[in-house]
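These are my notebook entries on a structure I have just opened. I set down what I looked up, in the order in which I looked it up.

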Amino acid sequence: MNRTLTAERTETLVGPVSAVGPAGVARLLDGPPDLSSHVARLGRLPDRGAQLIDLAQAAGLTGRGGAGFPTARKLSAVAAGAGPRVVVANGTEGEPLSAKDKTLLVRSPHLVLDGIDAAARAVRANRRILCIERGNPAVHEAVRIALAERNDRRLEVVLAPRRYISGQEAALVDLLNGGPGRPTLDRPFETGVSRRPTLVDNVETLAHLALVARFGPDWYRSVGTPADPGTTLLTLGGAVKTPGIYEVPHGISLRAVLAHAGVGPTRAVLVGGYFGRWLPARIAESLTISRQSLGAHDAGLGCGVIAVIDDDCCAVAELARVAEWYAQSSAGQCGACTWGLRDLAAATGAIHQGSPDPRAPADVRRWTAMVRGRGACRLPDGAAAFLESGIDVFAEEIAQHQAGLCTRPDRHLLPTPTPQPWP
Amino acid sequence: MTRRGLRLDPIGCDGHGICADLLPERITLDDWGYPIVDPSPLSDDLIGHAERAVTNCPALALRLEKVLDAAAR
């Protein structure tokens, strides 16, 4: 069974309360989605113009699409470009485990739309585009209703193919320029949509930006840590009792997050989704949701996915399936990615099938090291981190597979949708 | 001072492998025949070989680019 997360369950963990702006940590997902409730709760979006860049800088806002790039630097780079500029809000969220952007668009569409407007004013853009993945009627409908409420007829809504790689920044620009949606070597902030300077920001990033525009950097920093201020959306999945979307302050312990979602005896935690790393449970439970804490174990929050593998689940089956998903997700442009991910999938699959060949795990290690940094985008790097950490964390189970002794059921906890074929 | 280093366009590269023959000091081939390029600044004695590797790439996927010396960083 392919257990895909739904965007139904949303909860907020308790944290420090601030006096101005939305109280507590329910910043992004608090309140009904309609325009009058939105304005009643948060007030109208003030026009900060280019000053918003300084506010984002002071707030320490970073991108929530996975790369964690400082938002102010991206805004500055686009604002410094020549000619009319473009703002693209990326709500494609092709990472199979992640549902936080879809949830945000359904629950708080006006916050995202405010963020697009604020960013467009900051970089003086005259074109605004919102990209969402095809085949999500709830998201589509929420956006349609919100735009009608705002009487906004100029925002372009583009449906992107259901294909992880087409949500990559340069690939999305390629798609918007009429291409197939493959990564390119262009840098969107210089050469983006219609070859104009283009800001591509994740929708959660833009929602935070809309709050920074209203309530300022001090309010933004009133929760979280000095190095990782504010809140973040997490998608909790795998072997947890209440999977779903959680808004948490940065700095909260992973143990508290997992306890809230409800976990049994945990073997390992995938931190950062398919582009993150596997950590043994005893290590994961000692960490906090912050760059420093996770970074000490080469992990990062990525797009905010946390997935749990418990004792009653064949992890090698999950590794093999996601390795195959990676191979299918390659755009087939870069040699090391095209062939490397294919061979990594084959080797991981062989381990799962019980091949006693002792070289298979060594092959996986060799090829993960070989593909890293070799693509035009970070797809091979993601596969490398996922598989290299998986081979280490599940070494014992891999030995069981090689001896034909794994008795754990394949529960298919990690979804692996087939990418939409290339045109 | 600025020196030059090799840059590979991984999309353009077709894995002909000629570059690795011409500059084995800096370019090796991976298990699939695609070049792994060391991007660090080239010493004077390697520049001529690097230029040959660049001009002989059938895919025009290799180029020389100014890079900052590690010492100057």
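**Entry 1: the contact between the chains.** I began with the place where chain A touches chain B, and I counted eleven residues from chain A and nine residues from chain B in the contact. I then asked which element of chain A gives the largest share of its side. I found that helix α13 (residues 335–352) of chain A does, with four residues. By class, I noted six nonpolar, four polar and one charged residues on the side of chain A that touches chain B. I record here that the model is a predicted one.

**Entry 2: chain B.** I turned next to chain B and listed two helices and four strands. Following the sequence, I read their order as β-α-β-β-α-β. I looked up the radius of gyration of chain B, which is 12 Å; the globule rule gives 11 Å for 73 residues, so I entered chain B as being as compact as a globular protein of that length. For the extent of chain B, I noted that the C-alpha trace spans about 35 × 20 × 20 Å along its principal axes. I also noted that 29% of the 73 residues in chain B are buried. Of the contacts in chain B between residues at least 6 apart in sequence, I found that 64% join residues at least 24 apart.

**Entry 3: α2 and α3 of chain A.** I then examined how helix α2 (residues 51–59) of chain A packs with helix α3 (residues 71–79) of chain A, and I found an angle of about 155 degrees and axes 8 Å apart. Angles over 145 degrees count as roughly antiparallel, and α2(A) is therefore roughly antiparallel to α3(A). I recorded the crossing of α2(A) and α3(A) as left-handed. On the α2(A) side the contact is made by A:Ile53, A:Ala56 and A:Gln57, and on the α3(A) side by A:Thr71, A:Ala72, A:Leu75, A:Ser76 and A:Ala79. I sorted the residues of this contact into five nonpolar, three polar and no charged.

**Entry 4: α12 and α15 of chain A.** My last pair was helix α12 (residues 315–329) and helix α15 (residues 379–393), both of chain A, whose axes come within 10 Å and cross at roughly 170 degrees. I therefore entered α12(A) and α15(A) as roughly antiparallel to each other. From α12(A), I listed A:Leu319, A:Val322, A:Ala323, A:Tyr326 and A:Ser329, which meet A:Leu379, A:Ala383, A:Phe386, A:Leu387 and A:Gly390 of α15(A). The residues of the contact of α12(A) with α15(A) came out as eight nonpolar, two polar and no charged.

Conventions
Residues numbered from 1 in each chain as written. Chains lettered and ligands numbered in written order. Predicted model: local features only at pLDDT ≥ 70, side-chain atom pairs only at ≥ 80, totals over all residues. Contact = placed C-beta atoms within 7 Å. Nonpolar A, V, L, I, M, F, W, Y, C, P; charged D, E, K, R; others polar. Axes fitted to C-alpha atoms, helices over the stretch in contact; angles between N-to-C directions. Parallel < 35°, antiparallel > 145°, perpendicular 65-115°, else oblique. Left-handed = near helix turned anticlockwise from the far one by under 90°. Rg over C-alpha atoms; globule rule 2.2 N^0.38 Å. Buried ≥ 20, exposed ≤ 12 C-beta atoms within 10 Å, placed from the backbone.
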